[in-house]
Amino acid sequence: MVALAFAGAGFVSAIHGLAAEALPDVHVVHVASRTARSAQRRAKQTGGVACTYEDLPGGADGVVVATPPALHRREAERAVAGGAVALVEAPLAATLDDADRLVQLARDGHAVGYAENLLHSPTVVQALAACRRIGTLTHLQVRFAQGRPDWGDHLRPSWGGGALFDLGVHAAALALLVAAPARVDSVEADVHAGDGLDVDDEATVTLQFDSGLRAELRATWRAAAPTWEAQAASASGAVRVELVPHPSVEVNGVPVVLPVPPLGLASSQLHHLGYVGQIEALATDIEAARAPTPGPDFGRHVLEIVCAAYVSARTSRAEPLPFTGPRDRTPLELWRGAGGGR
């Protein structure tokens, strides 16, 4: 049995708990949170024991770090110091300084992984295979749209950013996977905050790749219903993928048969969005005594793109990569100014 602990008891920890529940060789032993009430509520759901952050890893083999982003580095360091593997939720950190520290932690031999669930999604795997078959891409659009989150501190400046930071990291990760091996040269962005918000709730980002591809990403919290989708095209074909609400992949208009989710899941989206596969991969890596894949390098690269996008939105100019701006500020601060407010 692989024993997991959760650092953080927010919404995403419930998803990780359901994913772990689907795997007979994985069980949750501890849940920590800033408040005892939150820890107890999530521990009751997952079968673990509520505790404080200071109690972690508490004998667990791995710690899923799902705190607010500003605490990711601290809790990952605490996990590996206690002999556990750390799987850090997206976004990797609230600042590039913290992201750099996590990358160095992994390079120093500690087991640190980046929890981008879409890398473990069977739907995404099929979409990537289809994109490779159609050849060099000339068109790529990724759109992640949903309503404004009504849980946690996502709407507070302390989170580090809004829709582009919290939702856009997944859109950017998908774009990087689809366009690989091409790399991003520069970023342009238009970012907006709705009335009464201190953080952005809509962003459009253009990624200029070294292959000549210009990809458009949109991350918005202004949608009446969630839709996560992407479209890619080359001179010889087109691929469309939908992750939410109904997972599907089409190549030149022909549906691709997707793997069937295992029986007994609380939701089939735990399978299609890669959450079960992610926890299963983490357990396999723990048993094999190796670091999770992907490592924090990938998460840092995504965060650099996001930081560049916020700077571009402030300056109205393309921002080159690798990112050379301040690494001690949150994405929101890079856009709004040092205070991060309106």
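This passage walks through a strand and its neighbours, a helix pair and two buried residues in a predicted model.

Strand β5, residues 85-89, is a good place to start. The strand is mostly covered, with five of its five residues buried. Neither face is left open: Val85, Leu87 and Glu89 sit buried on one side, and Ala86 and Val88 are buried on the other. So Glu89, a charged residue by class, is found among the buried residues of this strand.

β5 has a parallel partner in strand β4 (residues 62-65), and four bridges join the two. Within this pairing, Val64 has Leu87 of β5 as its bridge partner. To get from β4 to β5, the chain passes through helix α3, residues 72-81, in a right-handed β-α-β crossover. β5 also pairs with strand β6 (residues 112-115), again in the parallel sense and over four bridges. Here Ala86 is matched with Val112 in β6. Helix α4, residues 96-107, belongs with β5 and β6 to a β-α-β unit that is right-handed. Leu87, then, is bridged to Val64, while its sequence neighbour Ala86 is bridged to Val112.

Turning to the helices, α5 (residues 122-134) packs against α7 (residues 168-179) with the axes 9 Å apart and an angle of about 40° between them. That angle makes α5 oblique to α7. On the α5 side, the contact is made by Val124, Leu128, Cys131 and Arg132; α7 brings Leu174, Leu177 and Val178 to meet them. Sorted by class, this contact has six nonpolar residues, one charged residue and no polar ones. The charged one is Arg132 of α5.

Another α7 residue, Leu176, turns up in the surroundings of His301. His301 lies in helix α10, residues 296-315. With a relative accessible area of 17%, His301 falls under the 20% cut-off and therefore counts as buried. Leaving aside residues up to four places away in sequence, His301 touches Leu176, Arg183 and Leu321.

Helix α10 also comes into the picture around Gly162, through Tyr310. Gly162 is a loop residue, placed between β7 (137-147) and α6 (163-166). Despite that loop position, Gly162 is buried, at 0% relative accessibility. Beyond residues up to four places away in sequence, Gly162 touches Leu167, Val199, Asp200, Trp221 and Tyr310. As for Ala318, 156 residues away from Gly162 along the chain, the C-alpha atoms of the two are separated by 20 Å.

Methods:
Residues numbered from 1 in each chain as written. Predicted model: local features only at pLDDT ≥ 70, side-chain atom pairs only at ≥ 80, totals over all residues. Heavy atoms only, no water. Axes fitted to C-alpha atoms, helices over the stretch in contact; angles between N-to-C directions. Parallel < 35°, antiparallel > 145°, perpendicular 65-115°, else oblique. Contact = heavy atoms within 4.5 Å. Buried < 20%, exposed > 50% of the residue type's maximum accessible area, 1.4 Å probe, protein only. Pairing = 2+ DSSP bridges. Right-handed = clockwise from strand over helix to strand, strands pointing away.
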